[in-house]
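The exercises below are meant to be worked through with the sequence and the model side by side. Try each task before reading its solution.

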Amino acid sequence: MKRILISILSMLLLLVFAGCQAEKSSGINLINGKPEWFFAPSKEGRIGGVGVSGVHVDGKTGQKSLATQRALEEIARQMGVKVQSFSSLKSVSDTSSGTTTSGETSSFFTVDGTEVRARIEAIWEDPYTQELYIWMVTQ
C-alpha cells in the first residue's frame, strides 16, 4: 500500500514539473495564467491594446479577425477617437531562401478622417479555454 502511494505521488509530481516546463518553453511569461503584456499593453511610449476572442463560428480566421478588431478598438478608446472602419495589410517575404517571415499591420480610420496604424506584436492562445489573445501596438 505504501509503495502504491509513493508511486502515485511521484507521478503527480512529475506531471506538475512537466506542466511548469511547458509554460516556460512557450517563450511567453505568464502572470495569473495570462501573458504579461495583457496587463501592460503599451510599449516604449506607444499605445497598445489587447483583443481577446473565444472560439469562433468561422474558425481560427474569424477568431483572429475578431481579436484584432477588439485590440484596435482598445487602442482607439485610449486615443479618445471613434472608429469608422478597419483595414488589414499582410506582407509575406520571399520564400526562395527557404524561410518565410510575415507581419501584419492593421489600421482603422476615425470619424474625423485620420488613420491610425498598429502592428501585431504577439499572439497567444490559452491552451485550456482556446481563447485567442492578440497584442497590438501603434506604429
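**Exercise 1: Layout and confidence**

The protein chain comprises two helices and seven strands, where helices (H or I, at least four residues) and strands (E, at least two) are DSSP runs numbered from the N terminus. The model is a predicted one, in which local features need pLDDT of at least 70 and side-chain atom pairs count only at pLDDT 80 or more, while totals for chains, interfaces and linings use all residues. Residues are numbered from 1 along each chain as its sequence is written, and side-chain values use heavy atoms, with hydrogens and water left out.

Task: establish the order of the elements, and decide where in the protein chain confidence is lowest and where it is highest.

Solution. Step one is to read from the N terminus, which gives the order α-β-β-β-α-β-β-β-β. Step two is to take the pLDDT, the predictor's confidence in each residue, from 0 to 100; its mean over the protein chain is 76, with 68% of the residues reaching 70 or more. By element, the lowest confidence falls in helix α1 (residues 2-25), with a mean of 54, and the highest in strand β3 (residues 48-53), at 94. Over residues 20-25 the pLDDT is below 50, and this stretch has two contacts in the model beyond near neighbours in sequence, a contact meaning heavy atoms within 4.5 Å. Residues 91-102 also stay under 50, and for them the model has 11 contacts beyond four places in sequence. Where pLDDT is low, the predicted coordinates should not be read in detail.

**Exercise 2: Helix α2 and the nonpolar core**

Task: compare the span of α2 with its expected value, and find which element gives the most to the largest nonpolar core.

Solution. First, the expected span is 1.5 Å times one less than the number of residues, so the 21 residues of α2 should span 30 Å, and the 31 Å between its end C-alpha atoms agrees with this. Second, list the residues of α2 that are buried (under 20% relative accessible area, with exposed being over 50% and partly exposed in between, for a 1.4 Å probe and protein chains only): they are G62, Q63, A67, T68, A71, L72, I75 and A76. An α-helix has 3.6 residues a turn, so residues three or four places apart point the same way. Third, turn to the cores, each a set of buried Ala, Val, Leu, Ile, Met, Phe, Trp, Tyr and Cys residues joined through side-chain atoms within 4.5 Å. The largest has 12 residues, among them A67, F108, I120 and I134; α2 (59-79), β6 and β7 each give two or more residues to this core, and α2 gives the most, with five. A second, separate core of eight residues includes I28, W37, A122 and W135.

**Exercise 3: The β6 and β7 hairpin**

Task: describe how β6 and β7 are joined, and decide whether T129 and T138 are buried, partly exposed or exposed.

Solution. Begin with the pairing, which requires that DSSP finds at least two bridges between two strands: β6 and β7 run antiparallel and are joined by seven bridges, with A122 opposite W135 in β7. Next, consider the six residues between the strands of this hairpin, where Q130 takes a positive phi near 65°. T129 lies in the loop between β6 (115-125) and β7 (132-138) and is partly exposed, because its relative accessible area is 41%. Finally, T138, placed in strand β7, is buried because its relative accessible area is 10%, and its contacts beyond four places in sequence are R46, I47, I75, V116, R117 and A118.
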